[in-house]
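Q: Could you take me through the largest pocket of this structure, step by step, and then through what surrounds it? Please explain each term as you use it.

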Amino acid sequence: MRAGPRGIWRWHWLLAGCIAVPFGASVQAEPAERLLPLAAVRPAARFSSADLRALQASDDANPAMLWVAQGQALWRTPAGASASCAGCHGDAAVSMRGVAARYPALELSSDPAAIAPARLLNLEGRINQCRSRHQGLAPWPAESQPLLGISA
């Protein structure tokens, strides 16, 4: 291990891994009689009002569908001199199915001199990373209309 701040961080990660294994191995699951029965589990939408559930179920009345429509247009439109998202990824309904469920995710660093071996990346961060690395464009600001549309 190297001396200096980066070396200290490496020792920190190594120590954290050594400590986590013994503690993680000794944790026991709760007894089955204390767990909530599966029949008692309810979806979160069940706690919403009937009006809100109807609004979310309607493609015409749901305000989020405005971002979906904008995202579909952005997906197909080439960005400047770069290809569109569809040019690399194809049909979003097929290639992006289930992507949102995989984020946030840890992205491992390929730089051996990096201070942290991994960083947490959300879906919007991955979109901006693809945009800057593969399309050569500036990332969209957080919560911007195009980023909300593409992530929707």
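A: What follows begins with the chain as a whole, turns to the pocket, and ends with some single residues.

This is a predicted model, in which local features need pLDDT of at least 70 and side-chain atom pairs count only at pLDDT 80 or more, while totals for chains, interfaces and linings use all residues. Residues are numbered from 1 along each chain as its sequence is written, and side-chain values use heavy atoms, with hydrogens and water left out.

The protein chain holds seven helices and two strands, where helices (H or I, at least four residues) and strands (E, at least two) are DSSP runs numbered from the N terminus. Read from the N terminus on, the order is α-α-α-α-α-β-β-α-α. Of its 152 residues, 15% count as buried; buried means under 20% relative accessible area, exposed over 50%, and partly exposed in between, with a 1.4 Å probe and protein chains only.

The largest pocket contains about 820 Å³ of space. A pocket is an open set of points, on a 1 Å grid over the protein atoms alone, where a 1.4 Å probe fits, with protein on both sides within 12 Å along at least five of seven lines; lining residues have an atom within 4 Å of a point. The volume is the space filled by probe spheres set on the points, which are joined across faces, edges and corners. Of the 33 residues that line this pocket, W75, A92, M96, I127 and I150 are the closest to its centre. At least two lining residues come from each of α3 (64-76), α4 (85-89), α5 (92-95), α6 (123-134) and α7 (145-151), and the largest share, eight residues, belongs to α6. By kind, the lining divides into 16 nonpolar, 10 polar and seven charged residues, with Ala, Val, Leu, Ile, Met, Phe, Trp, Tyr, Cys and Pro taken as nonpolar, Asp, Glu, Lys and Arg as charged, and the others, Gly among them, as polar.

Turning to cysteines, the whole structure has zero disulfides, a disulfide being a pair of cysteine sulfur atoms within 2.5 Å. For C88, the nearest cysteine sulfur is that of C130, 6.7 Å away, and C88 is exposed at 64% relative accessible area. The sulfur of C130 is too far for a bond, because the closest cysteine sulfur, in C85, is 6.6 Å away; C130 is partly exposed, at 26%.

The charged end of R131 sits over the ring of W140, 3.9 Å from its centre (NZ of Lys or CZ of Arg within 6 Å of the ring centre and within 35 degrees of the ring normal).

Two backbone details remain. In the loop between α5 and β1 (105-108) lies P104, and the peptide bond from Y103 to P104 is cis, with omega near 5°. E143, in the loop between α6 and α7, has a positive phi near 65° although it is not a glycine, and E143 is exposed at 65% relative accessibility.
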